[in-house]
Amino acid sequence: MLRHLLLATGLTPFLLLGAAGAQPVAESAKPAFDAELATSVGADEHGMRSYVLVVLKTGPNKMPAGPERDAMFKGHFANINRLAAERKLALAGPFDGVDGWRGMFVFAVKDIEEAKALVATDPVVINGEMVAEYHKYYGSAALMLVNDGHQRVTKTPF
């Protein structure tokens, strides 16, 4: 399926070129398949897995600046860190706020109902500061490695 998508989008030639853009990448430079790693991240035979993408949008209750808002966002970040540590949350981050789009979560869960239950624990949603929109997403299982890598490049965690 991925091969067909790459062919249809015309990305295949770019993926086969080396860093200089002129020489094809040698087969020997390709990393060896790691079955243990693939299993640990829930990869299927294509190295992919199912996720639930959650788009957080501006909600009906904007909390004014101050200690309550600060506490709400502190709880939001603590919730993100908890879900990442539980390996339920593969990726999270803010958007630019254009058109009310505030942020996103990518959950490594089996279905939208499970994602809804996790989102319901977030203070920004509980307080109505943000509302969530849910979508099934199929992407690289290597996304599950982001949190471990993030810990290695973070000097000041949230």
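**A four-stranded sheet and its surroundings**

In this predicted model, 4 strands form an open sheet with the order 2-3-1-4 and antiparallel pairing. Strand 2 (89-94) and strand 4 (130-140) take the edge positions; each has a single partner strand, so one side of each is left without a neighbour in the sheet. On average, and ignoring direction, neighbouring strands of this sheet are turned by 20 degrees against each other. Strands of a sheet pair through backbone hydrogen bonds, which can be parallel or antiparallel in arrangement. Here, strand 1 (residues 48-58) and strand 3 (residues 101-107) run antiparallel and are joined by 6 bridges. A helpful landmark for the eye is Val 55, which stands opposite Met 104 in strand 3.

With the sheet in view, the rest of the chain can be placed around it. The protein has 7 helices and 4 strands, and their pattern along the sequence reads α-α-α-β-α-β-β-α-α-β-α. Helix 4 (residues 67-85) lies across strand 1, strand 2, strand 3 and strand 4, and runs at about 25 degrees to strand 3. Among contacts between residues at least 6 apart in sequence, 72% join residues at least 24 apart.

The interior comes next. Of the 158 residues in the protein, 28% are buried. The largest nonpolar core has 17 residues, and those with the most contacts inside it are Val 52, Val 54, Leu 89, Phe 105, Phe 107 and Val 109. Strand 1, helix 4, strand 3 and helix 5 (112-119) are the elements that give two or more residues to this core, and helix 4 gives the most, with 4 residues. Leu 89 offers a good place to look around: leaving aside neighbours within four places in sequence, Leu 89 is in contact with Ile 80, Leu 83, Ala 84, Phe 105, Val 106, Phe 107 and Asn 147. Apart from this core lies another one, of 9 residues, including Tyr 51, Ala 90, Ala 108 and Met 144.

Helix 4 returns in the description of a pocket. The second largest pocket has a volume of about 700 Å³. It is lined by 32 residues, of which Ile 80, Asn 81, Ala 92, His 150 and Phe 158 are the closest to its centre. At least two lining residues are supplied by each of helix 4, strand 2, strand 3 and helix 7 (146-153). The largest share of this lining, 7 residues, comes from helix 4. Helix 4 thus gives the most residues to the largest nonpolar core and the largest share to the lining of the second largest pocket.

Definitions and conventions
Residues are numbered from 1 along each chain as its sequence is written. This is a predicted model: local features need pLDDT of at least 70, side-chain atom pairs count only at pLDDT 80 or more; totals for chains, interfaces and linings use all residues. Side-chain values use heavy atoms; hydrogens and water are left out. Two strands pair if DSSP finds at least two bridges between them. Axes are lines fitted to C-alpha atoms, for helices over the stretch in contact, and angles run from 0 to 180 degrees between N-to-C directions. Contact means heavy atoms within 4.5 Å. A nonpolar core is a set of buried Ala, Val, Leu, Ile, Met, Phe, Trp, Tyr and Cys residues joined through side-chain atoms within 4.5 Å. Buried means under 20% relative accessible area, exposed over 50%, partly exposed in between (1.4 Å probe, protein chains only). On a 1 Å grid over the protein atoms alone, a cavity is a set of points where a 1.4 Å probe fits but cannot get out, and a pocket is an open set with protein on both sides within 12 Å along at least five of seven lines; lining residues have an atom within 4 Å of a point. Grid points are joined across faces, edges and corners, and a volume is the space filled by probe spheres set on the points.
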